[in-house]
Amino acid sequence: MVFSGVPAWEQRWHPLREEWVVVAAHRQDRPWQGERATVSPAPAPEYVDSCYFCPRNLRVSGERNPDYQSVFVFDNDHPCVGPSAPQLLDRPTGIYRNAPATGVSRVVCYSPKHNTTLAELPVGEIAALVGTWRDQYVELGARPEVRHVLTFENKGEVVGVSNPHPHGQIFATNFVFKTIETEAEVSSRHYRDHGRSLFQDIIRAEQDDGRRILFENSSAIVFLPYFARYAYECFVAPKETHPSLATMSAAEIHDLAAALKLLLVRYDNLWQLSFPYVLTLHQAPTDGEDHSGFHFHLECYPPLRKPNLLKYLAGPEVGGGNFLSDTRPEAKAEELRAVSEVHYKAQHA
Ligand SMILES: [Zn+2]
Ligand SMILES: [Zn+2]
């Protein structure tokens, strides 16, 4: 649909990544004959005896999970980075270089209940999880070899998760992940040049427009950004600038948990299915540099652009490195704003 005065396609500047996003919403309804993703509802019991994450079960490492009642953290049994990474590596040829993949990789189980999701947890339990994320960032970030702590959740089979038990992961690494490195550089420069956090300016621009804001409480905000690369991409953030969770008050953590829950409930309610996504926490690097201008936030990337239809990364994204969005952020935000704040499973209960 083309609105009067609204161009059918345009470039939008992504200020955190410093790159263009091409918005070409007129392409959304083009005929599609490709593959479709399937999202199975997969109702499961509360406890599954073959699940590595359920309480009291044995993991592949031979360790037994405790009879945990809320959040449970353990070292990943299949780490991508770890303290026992091989130190003696083959020297590559020519200009190539390598380094041991040292660090810490952990799994965070959100709940002992196998068949729940983050969206369905009460706000108090989500706040407890956010508190655990904070404690992990502080503990792992304090290690001299750890330059960055990346906390994330991959949810759903379409993003490669085979075990539905609600959980996320933490990678504490000896390098800073690329997106956070860029955000830290851009935020520092903006802070130096303008004396304000870049993210504060993003929040202000969203508030001045208003169409893409999904939720606000006294200290947290949820919006589908002007520069979104994915159809239903959303940011959740405290309104005050905190470089990480470490400096946030209990009240701010509670507000953030409420904001996150509201977003995830609306995702599930949109098509009445358990919405797949990649959720990442963007916290300042723990590399000893000054990150005063860095504004902690969460970014959520659902891969679907329609029910059972994935956004595929192709020529522009993989080949060129810039995103082509088939949807207008204002239209997608309007869809999310229109759905109920009560989870559909609770409505039918
Ligand atoms: Zn389980
Ligand atoms: Zn970010």
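**Entry 1, zinc site.** I started with Glu 299, which is buried at a relative accessible area of 2%. This is a predicted model, so I kept in mind that local features need pLDDT of at least 70. Next I pulled up the zinc ion (ligand 2) and listed its donors: Glu 183 through OE, entered twice, His 282 through ND1, His 297 through NE2 and Glu 299 through OE. The distances run from 1.9 to 2.6 Å. Along the sequence I wrote the donor spacing down as E-x98-H-x14-H-x1-E. The pair Glu 183 and Glu 299 links distant parts of the chain, 116 residues apart. I found Glu 183 in helix H2 (residues 178–194) and Glu 299 in strand S11 (residues 297–301). Glu 183 is buried too, and I noted 1% for its relative accessible area.

**Entry 2, helix H3.** I moved on to H3, residues 198–209, and checked its length. Its 12 residues reach 17 Å from first C-alpha to last, close to the 16 Å expected at 1.5 Å a residue. At the N-terminal end I found Ser 197 as the cap, with a side-chain oxygen 3.3 Å from the backbone nitrogen of Phe 199. Just after the helix, Gly 210 takes a positive phi of about 85°.

Which residues of H3 are buried? I got Leu 198, Phe 199, Gln 200, Asp 201, Ile 202, Ile 203 and Glu 206. Against what do the buried residues of H3 pack? My list reads H2, S11, and the strands S7 (213–216), S8 (220–223) and S9 (234–238).

**Entry 3, the S7/S8 hairpin.** I looked at these two strands while I was there. S7 and S8 form a hairpin, with three residues between them. They pair in the antiparallel sense over three bridges. I also noted Phe 215 standing opposite Val 222 in S8.

**Entry 4, nonpolar cores.** I then went through the largest nonpolar core, which has 59 residues. Leu 118, Trp 133, Leu 245, Leu 260, Tyr 267 and Leu 298 touch the most other members. Helix H4 (residues 250–271) gives the most to this core, with 10 residues. Another core lies apart from it, with 16 residues, among them Val 21, Leu 198, Ile 203 and Tyr 230. Two of those names, Leu 198 and Ile 203, were already on my list of buried H3 residues.

I picked Leu 245 for a contact list, leaving aside neighbours within four places in sequence. It came back with Val 130, Trp 133, Arg 134, Ile 253, Leu 256, Leu 281, Gln 283 and Phe 296.

**Entry 5, Lys 155.** I wanted to see where this lysine sits. Lys 155 lies in strand S5 (residues 148–155). Is Lys 155 buried or exposed? I have it as buried, because its relative accessible area is 11% and the cut-off for buried is under 20%. Its side chain makes a polar contact of 2.9 Å with the side chain of Ser 274. Not counting residues up to four places away in sequence, Lys 155 touches Thr 117, Val 161, Asp 268, Ser 274, Phe 275, Pro 276 and Tyr 277.

**Entry 6, Gly 82.** Last stop was the loop between strand S3 (72–75) and strand S4 (103–109), where I found Gly 82. At 7% relative accessibility, this glycine counts as buried. What does Gly 82 touch, not counting residues up to four places away in sequence? I noted Ala 101, Thr 102 and Gly 103. For Gly 82 and Gly 103 I also wrote down a C-alpha separation of 4.6 Å, with their positions 21 residues apart along the chain.

Definitions and conventions. Residues numbered from 1 in each chain as written. Chains lettered and ligands numbered in written order. Predicted model: local features only at pLDDT ≥ 70, side-chain atom pairs only at ≥ 80, totals over all residues. Heavy atoms only, no water. Donors = N, O, S within 2.8 Å, 3.2 Å for Na, K, Ca; no water. Helix = DSSP H or I, 4+ residues; strand = E, 2+ residues; numbered from the N terminus. Buried < 20%, exposed > 50% of the residue type's maximum accessible area, 1.4 Å probe, protein only. Expected span 1.5 Å × (residues − 1). Contact = heavy atoms within 4.5 Å. Polar contact = N/O pair within 3.5 Å; in protein donor to acceptor, adjacent residues only side chain to side chain. Pairing = 2+ DSSP bridges. Core = buried A, V, L, I, M, F, W, Y, C linked by side-chain atoms within 4.5 Å.
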